[in-house]
Every structure is written in structure tokens, then in C-alpha cells.
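Here are some exercises to work through with the model open beside you. Try each task before reading its solution.

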Amino acid sequence: MECQYSSCSVTCHRCGHAWIYMGSRLSSLSRTRRKVRIGCPRCYAKVELLAEGAR
Ligand SMILES: [Zn+2]
């Protein structure tokens, strides 16, 4: 199955950390309308991946 996105810019709502996510959950983002959450590498909050930030 082909992945639509290769990277996604994410900003943590808790600590404000911004980074580019390039992991495997991107394929879930392109496949489902459900919310896809990843852990912030700095504070470990669950941050939602948004399709608007994906490329
Ligand atoms: Zn954070």
C-alpha cells in the first residue's frame, strides 16, 4: 500500500515544541479519518497529526 505523505510538521500543544514527523503513522493519516496521535519527543504529550501539515 502506498503512503500519501512523507513528512508532517507537528507542533506540541503542551510545550510548544515543533518538529517534522516522518514515522509510520503517516500511512494511517492518509488511510483513516480518525485522529492519529503521536508522542511529543520532548514532553511525551499525545499530539494529533493533522493532514494540513503533511506533505
Ligand atoms: Zn511537548
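**Exercise 1. Work out whether Ser-7 is buried, partly exposed or exposed, and find what surrounds it.**

Step 1. Count the other C-beta atoms within 10 Å of that of Ser-7: there are 13. A residue is buried with 20 or more such atoms, exposed with 12 or fewer, and partly exposed in between, with C-beta atoms placed from the backbone. Ser-7 is therefore partly exposed.

Step 2. Place Ser-7 in the chain: it lies in the segment before strand 1. Strands (E, at least two residues) and helices (H or I, at least four) are DSSP runs, numbered from the N terminus.

Step 3. List the contacts, meaning C-beta atoms, placed from the backbone, within 7 Å. Setting aside residues up to four places away in sequence, Ser-7 touches Ile-20, Tyr-21, Met-22 and Arg-55.

Step 4. Check a distance: the C-alpha atoms of Ser-7 and Leu-26 are 7.3 Å apart, with their positions 19 residues apart along the chain.

A note on the numbers: residues are counted from 1 along each chain as its sequence is written. The model is predicted, so local features need pLDDT of at least 70 and side-chain atom pairs count only at pLDDT 80 or more, while totals for chains, interfaces and linings use all residues.

**Exercise 2. Give the order of the elements in the protein chain and say how they pair.**

Step 1. Count the elements: one helix and four strands. From the N terminus on, their order is β-β-α-β-β.

Step 2. Take the strands before the helix. Strand 1 and strand 2 run antiparallel and are joined by four bridges; two strands pair if DSSP finds at least two bridges between them. Ser-9 has Ile-20 as its bridge partner in strand 2. Six residues separate the strands of this hairpin, where Gly-16 takes a positive phi near 80°.

Step 3. Now take strand 3 (residues 36-39) and strand 4 (residues 46-49), which are also antiparallel and joined by four bridges. Here Ile-38 is partnered by Val-47. This hairpin has six residues between its strands, and Tyr-44 in the turn has a positive phi of about 65°.

**Exercise 3. Find which residues make up the largest nonpolar core, and which elements supply them.**

Step 1. Look for buried Ala, Val, Leu, Ile, Met, Phe, Trp, Tyr and Cys residues joined through C-beta atoms within 7 Å. The largest such set has eight residues: Cys-8, Val-10, Leu-26, Leu-29, Val-36, Ile-38, Val-47 and Leu-49.

Step 2. Trace them back: strand 1 (8-11), helix 1 (25-31), strand 3 and strand 4 each supply at least two.

Step 3. Follow one member outward. Leaving aside neighbours within four places in sequence, the contacts of Val-10 include Ile-38, Val-47 and Leu-49, as well as Trp-19 and Gly-53.

**Exercise 4. Describe the setting of Cys-43.**

Step 1. Locate Cys-43: it sits in the loop between strand 3 and strand 4.

Step 2. Cys-43 has 13 C-beta neighbours inside 10 Å, so it counts as partly exposed.

Step 3. Beyond four places in sequence, Cys-43 touches Cys-12, Arg-14 and Cys-15. Its C-alpha atom is 9.7 Å from that of Gly-16, 27 residues away along the chain.

**Exercise 5. Say how confident the predictor is.**

Step 1. Use pLDDT, the predictor's confidence in each residue, from 0 to 100. The chain mean is 93, and 95% of residues reach 70 or more.

Step 2. Compare elements: confidence is lowest in helix 1, at a mean of 91, and highest in strand 2 (residues 18-21), at 98.

Definitions and conventions:
Contact = placed C-beta atoms within 7 Å.
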